[in-house]
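Colleague: I have a few questions about the pockets and the ligand in this model. Could you take me through the reasoning behind each label?

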Amino acid sequence: MPKQKLFFPKDFLWGASTSGHQTEGNNTNSDWWAFEHSQRREAVLKAAGKNIPDYQSGIACDSYNRYDEDFALAQHLNHNATRIGIEWARIEPEEGKFSEKELAHYEKVLQSAKFHGLQTFVTLHHYTLPKWLADKGGFLNPASVGLFARYVSAVSRRLNQYTDFWLTINEPEVYATHSYLLGRYPPKKKSLFKTLKVVNNLVDAHNQAAKILKFETGKPVSMAYQLSDLEPSGFFSHFTHFLAEYLANEYIINRTIGTCDFIGVNYYIHHHIGFWGIRKHSHSKHEQNDLGWGIHPDGLERLLVNLKKHNKPIYITENGIADSKDIKREKFIKDHLYHVHCAIQKGVDVRGYLYWSLIDNFEWLHGFWPRFGLVEIDREDLLRRKVRYSALKYAEICRTNCLEVDASQVHNI
Ligand code: FCB
């Protein structure tokens, strides 16, 4: 079968993402830790017949101690970039008290990433909050904007030397809706009014932090936006589709893009929008991941082309698949990269791709069973890291800066 080589732009960044709470372990001063150990959460899990520790982050992947091993693996897999999260709850365990020990720890973590030849994307807030701030209302409290700015300033002065890209807030739209509208993530509220207030405060927090970061570090800044591919479905759905597109994808970007130097894109979701609003993740005819999320690589191209109007460089900061048997991951990555390449051909300035995730980790409410990692974490064998077959296939793409596809398939993916 004739092959076609699709080359990516020179200096393209290749790598994978992680977050602090999901991989480090023992993030004991955070609101998520408190939630995971709350009587209510444990009772819900028990009633559902679940093994409670499988749904508590606990030691996670022990990356707090094993970060060097993880970065060495990334280097071995030909990555030239990594995205990590740092935990506000560690750095400021009590209000106004910044931990020198934890700042020094993250300094060592980033030094290690650099030592392994990785450009670094550092996320400052990835769903979790210090418990003391959560007790004061978290991002519902307008004071959170200034408190975030103070934390960001302390971190940026200290970690600037080893940071190449800053990501202020991960997925503000998911955080606000899951925590304040759908009642899923802590603090489990169900209020549209609170959701809108939180969105507003997140926007202000980002804009203020971005200005500080630019002033103090001069390094590029963005949010990691989760963008969904939305498809109108059935008669009369065009208006609801338009509204959903605006609320899910446009509203926060429009209010924050002015302070972003690039656009961080997290892409997983394709929704069908019917007249009454959102219908399910996907049609059953589409392939799904282990969590039942439909797989739509072409949606990534649509999103990227739509972002061209902002005229900023784009980095894919997350895109990945829960696939414990590792039978769909290689194709998932290649198909998505094919569409990234198509977007680049259409003039979109995409400069990097970070797969979610480098290692299997704590997938929030789902606990440890969804397996997103390029590298398996064997929870039965002292968290041993085992490189998956798909990771080696991705490593080949990273090494050559090139995706090889069957020429005949080029337009059929
Ligand atoms: C994203 C989150 C990330 C991980 C992946 C699967 O929305 O940012 O932490 O949970 O989903």
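Colleague: Which element gives the most to the lining of the second largest pocket?

Modeller: That is α3, with four residues. Keep in mind that this is a predicted model.

Colleague: What else is known of the lining of the second largest pocket?

Modeller: There are 26 lining residues, and Phe35, Arg184, Pro186, Pro187 and Lys188 lie nearest the centre. Two or more residues come from each of α2 (31-36), α3 (39-47) and α7 (131-135). The volume is about 580 Å³.

Colleague: How do the residues of that lining divide into nonpolar, polar and charged?

Modeller: The second largest pocket has 13 nonpolar, four polar and nine charged lining residues. Arg and Lys count as charged and Phe and Pro as nonpolar, so among the residues nearest the centre, Arg184 and Lys188 are charged, while Phe35, Pro186 and Pro187 are nonpolar.

Colleague: Now the ligand. Where does the ligand sit?

Modeller: The ligand takes up space in the largest pocket. A molecule is placed in a pocket if more than half of its atoms lie within 2 Å of the pocket's grid points. The ligand is therefore assigned to the largest pocket.

Colleague: What makes Gln22 a polar contact of the ligand?

Modeller: An N or O atom in the Gln22 side chain is 2.8 Å from a ligand oxygen. The cut-off is 3.5 Å, so the pair counts. His126 also has a side-chain N or O atom 2.8 Å from an oxygen of the ligand. For Glu171 the distance is 2.6 Å. Both lie within 3.5 Å, so these count as well.

Colleague: How much of the ligand does the protein bury?

Modeller: Alone, the ligand exposes 290 Å², and the protein buries 96% of that.

Colleague: Which residues surround the ligand?

Modeller: Among them are Gln22, His126, Tyr127, Asn170, Glu171, Trp356 and Phe372. A residue is included if one of its heavy atoms lies within 4 Å of the ligand. The shell has five nonpolar, four polar and three charged residues.

Colleague: What is the volume of the largest pocket, and which element gives the most to its lining?

Modeller: The largest pocket holds about 1400 Å³ of space. α11 gives the most to its lining, with seven residues. Others that supply at least two include α9 (172-180), α10 (192-217) and β6 (221-232). The lining has 44 residues, with Glu173, Val174, Thr177, His178 and Leu182 nearest the centre. The lining divides into 26 nonpolar, 13 polar and five charged residues.

Methods: Residues numbered from 1 in each chain as written. Predicted model: local features only at pLDDT ≥ 70, side-chain atom pairs only at ≥ 80, totals over all residues. Heavy atoms only, no water. Polar contact = N/O pair within 3.5 Å; in protein donor to acceptor, adjacent residues only side chain to side chain. Areas by Shrake-Rupley, 256 points an atom, 1.4 Å probe, with all protein chains shown as cover. 1 Å grid on protein atoms, 1.4 Å probe; cavity = no way out; pocket = protein on both sides within 12 Å on 5 of 7 lines; lining within 4 Å. Points joined across faces, edges and corners; volume = space filled by probe spheres on them.
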